[in-house]
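User: I'm new to this structure and would like a close look at a single part of it. Could you take the aromatic pairs as the way in, and then walk me through what surrounds them?

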Amino acid sequence: MEPFRRTRGGGVRAGLAPTEASLLRSLVGQVISLVAPDGPPRGRDQPDGLLDWDALEAEMDQPQTPEDPVLARLLPDGYRDDPEAAGEFRKYTESSLRSAKQQAAQEMLDTLPETGGKIQLTHDQAHAWLKALNDVRLALGVRLSVTEEFEEQWGRLRADDPQWAAYEVYAWLGAVQESLVQALA
């Protein structure tokens, strides 16, 4: 990767190898799929084929913390010690948070050349990239159980360990993100 550099107009530029671009596309696409709503609330079907509106309303009024640890990290509770307040907060914010994450990720995909090469981003596009990269790193970090002792965790792995490559990707994503942050500073 050619690191991000500031441009005259307040944007940034960088360069990616084809494999790097492909990897980013795959990872960002997975985050988009993960944060996409599961469709409309289901409710229960009644014998006449209509939805049970009481069940549907209850489902919409009682949003739950996602069971998937990655999704729970990407869509965290607003109040960790108060489940009722957390549910109320989630009811009003989860949809817009999912939408914002999807938009940032889609902006990244829209500005990422499919075959790699030069990237030129406006200031706003660069910030969308930061958001999308952060979500990818959070998701991968949860799957790898990354802690503050990341370097030690990685150092304990042997090169033939299946997780070795994932740790390398996590570290590379951190370098991409850091390069972008520094270019914008």
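Analyst: Sure, let's start with the rings. This is a predicted model, and it holds two aromatic pairs. One of them is formed by Phe4 and Trp129, with the ring centres 5.9 Å apart and 80° between the planes. Planes over 60 degrees apart count as edge-to-face, so this pair goes down as edge-to-face. Phe4 belongs to strand β1, while Trp129 sits in helix α5 (residues 123-144), so the pair ties together parts that are 125 residues apart in sequence.

Now follow Phe4 into its sheet. β1 is part of an open sheet of three strands, ordered β1-β2-β3 and paired antiparallel. What holds such strands side by side in general? Strands of a sheet pair through backbone hydrogen bonds. Here the edges are taken by β1 (2-6) and β3 (117-121), each of which pairs on one side only. From one strand to the next, the twist averages 15°.

Next, look at where β2 (residues 12-16) meets β3: the two run antiparallel and are joined by five bridges. If you want a spot to click on, try Ala14, whose bridge partner in β3 is Ile119. There's also a helix packed on this sheet, namely α7 (residues 162-184), which touches β1 and β2. The direction of α7 makes about 20° with that of β1.

From α7 you can step across to helix α1 (residues 18-35). These two helices pack at an angle of about 100°, and their axes are 12 Å apart. That makes α1 roughly perpendicular to α7. On the α1 side the contact uses Glu20, Leu23, Leu24 and Leu27, and on the α7 side Val169, Trp172 and Leu173. Sorted by class, that's six nonpolar residues, one charged and no polar ones.

α1 has a further partner, helix α4 (residues 83-111). Their axes come within 9 Å and cross at roughly 160°, which makes α1 roughly antiparallel to α4. The crossing of these two helices is left-handed. From α1, the residues involved are Leu24, Arg25, Val28, Ile32, Leu34 and Val35. They meet Arg98, Lys101, Gln102, Ala105, Gln106, Met108 and Leu109 of α4. By class, this contact has eight nonpolar, two polar and three charged residues. Keep an eye on Leu24 as you turn the model: this α1 residue takes part in the contact with α7 and also in the one with α4.

Conventions. Residues numbered from 1 in each chain as written. Predicted model: local features only at pLDDT ≥ 70, side-chain atom pairs only at ≥ 80, totals over all residues. Heavy atoms only, no water. Pairing = 2+ DSSP bridges. Helix = DSSP H or I, 4+ residues; strand = E, 2+ residues; numbered from the N terminus. Axes fitted to C-alpha atoms, helices over the stretch in contact; angles between N-to-C directions. Contact = heavy atoms within 4.5 Å. Parallel < 35°, antiparallel > 145°, perpendicular 65-115°, else oblique. Nonpolar A, V, L, I, M, F, W, Y, C, P; charged D, E, K, R; others polar. Left-handed = near helix turned anticlockwise from the far one by under 90°. Phe/Tyr/Trp six-rings, centres within 6.5 Å; stacked < 30°, edge-to-face > 60°.
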